[in-house]
Amino acid sequence: MTNKQLTFAFFGNTYQLRKSTSLACALDYLRSRNERIIFDRKFRDFLSRDQLLDLSGVEVFDGDKFEADYAVSIGGDGTFLKTAVRIGRKNIPVVGINMGRLGFLADVLPDEVETALAAIINGDYTIERHTAIEIQTHGEDFDGCHYALNDIAVLKRDNASMISIHTCVDGSFLVTYQADGLVVCTPTGSTAYSLSNGGPIIVPQTSTFCLTPVAPHSLNVRPVVISDSSNVELQVESRSHNFLVAVDGRSYTMHEGTKVSIQKAPFSTMIVKPNGRKYFTSLREKMMWGVDKR
């Protein structure tokens with residue numbers, strides 16, 4: 001526990017209408033502790049306008065112009081992913097308060113907010129470092145966010161035919177995937193899009209990436225786990241002469257002939273686990289293992 005005033009930076013989306021009670025609880029607790037509270041401007045404006053929340057005494061920031069001891073993500077896993085990218089290299093621990101559904105990353109429940117914040121202030125928590133992933137393109141500029149915590153995927157567009165994805169790992173040809181797409185995921189993202197396409201569950205801190213094809217033409221093509229020190233190079237052929245790149249679900253159109261390189265990002269994301277909450281506990285609960293007693 002420290003007597004130093006702590007700064008908590010709050011992030012959230014601007015379309016969920018049921019977050020105000022838990023957020024008010026968090027603000028009241030931090031105010032009672034005389035901690036410093038700062039808000040992403042768009043999130044603050046949404047709460048003031050649509051939620052009529054009392055945000056007196058909070059400061060605001062824009063873009064990446066902030067420093068904090070902790071970041072608080074208010075929403076689901078999608079909000080958490082966006083928060084992690086906003087933090088980037090700042091090395092700020094993130095705690096996720098789950099206002100969404102499943103909540104692998106944002107795993108603090110609304111009625112646990114005050115308990116979780118008290119644990120953080122008292123130092124009763126653990127930090128998990130999660131590898132992030134980075135995209136670079138050659139032949140065409142990529143105007144989206146270059147970093148992801150879960151996955152980066154190349155995908156066919158809309159109702160186009162399957163695409164051909166020529167794949168090399170560290171300069172060595174692996175295979176040409178004939179598929180609807182290919183997901184390159186971190187261990188964190190192994191329970192997201194990759195899992196829904198038959199990929200394995202990979203425990204964080206295992207220093208690996210997974211290449212998971214989306215609806216491959218051949219049933220012999222299976223997910224491949226590689227070292228996270230590897231560089232993955234992809235070149236896409238498509239009848240429509242373009243394809244999509246999805247970075248943590250944010251999609252961008254690219255043109256055929258563009259080479260996509262994917263590698264480990266130069267930073268990791270620090271995730272706060274109050275009260276020593278363990279990964280396997282979350283995994284067991286979210287996957288509902290052991291619920292069926294037949």
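## The open sheet

In what order do the six strands of the open sheet run? In this predicted model, the order is E13-E12-E11-E8-E15-E16, and the pairing is antiparallel. Strand E13 (224-227) and strand E16 (250-255) sit at the edges; each has a single partner strand, so one side of each has no neighbour in the sheet. On average, neighbouring strands here are turned by 20 degrees against each other, ignoring direction.

Now for one pairing inside that sheet. Strand E8 (residues 151-155) and strand E11 (residues 181-185) run antiparallel and are joined by five bridges. Leu-155 is part of this, with Gly-181 in E11 as its bridge partner.

## A serine between two strands

Ser-238 lies in the loop that runs from strand E14 (232-237) to strand E15 (242-247). Is Ser-238 buried or exposed? Its relative accessibility is 6%, so Ser-238 counts as buried, the cut-off for buried being under 20%. Leaving out residues up to four places away in sequence, Ser-238 touches Ile-163 and Glu-256.

## Rings and a charge

The count of aromatic pairs comes to 10. One of them joins Tyr-279 and Phe-280, edge-to-face, at 5.7 Å centre to centre with 65 degrees between the planes. Tyr-279 is buried because its relative accessible area is 17%, against that cut-off of under 20%.

Elsewhere, ring pairs link Phe-8, Tyr-70 and Tyr-125 into a cluster. Phe-66 has a charge for company: the charged end of Lys-90 sits over its ring, 4.8 Å from the centre.

How values were computed: Residues numbered from 1 in each chain as written. Predicted model: local features only at pLDDT ≥ 70, side-chain atom pairs only at ≥ 80, totals over all residues. Heavy atoms only, no water. Helix = DSSP H or I, 4+ residues; strand = E, 2+ residues; numbered from the N terminus. Buried < 20%, exposed > 50% of the residue type's maximum accessible area, 1.4 Å probe, protein only. Contact = heavy atoms within 4.5 Å. Phe/Tyr/Trp six-rings, centres within 6.5 Å; stacked < 30°, edge-to-face > 60°. Lys NZ or Arg CZ within 6 Å of the ring centre and 35° of its normal. Pairing = 2+ DSSP bridges. Axes fitted to C-alpha atoms, helices over the stretch in contact; angles between N-to-C directions.
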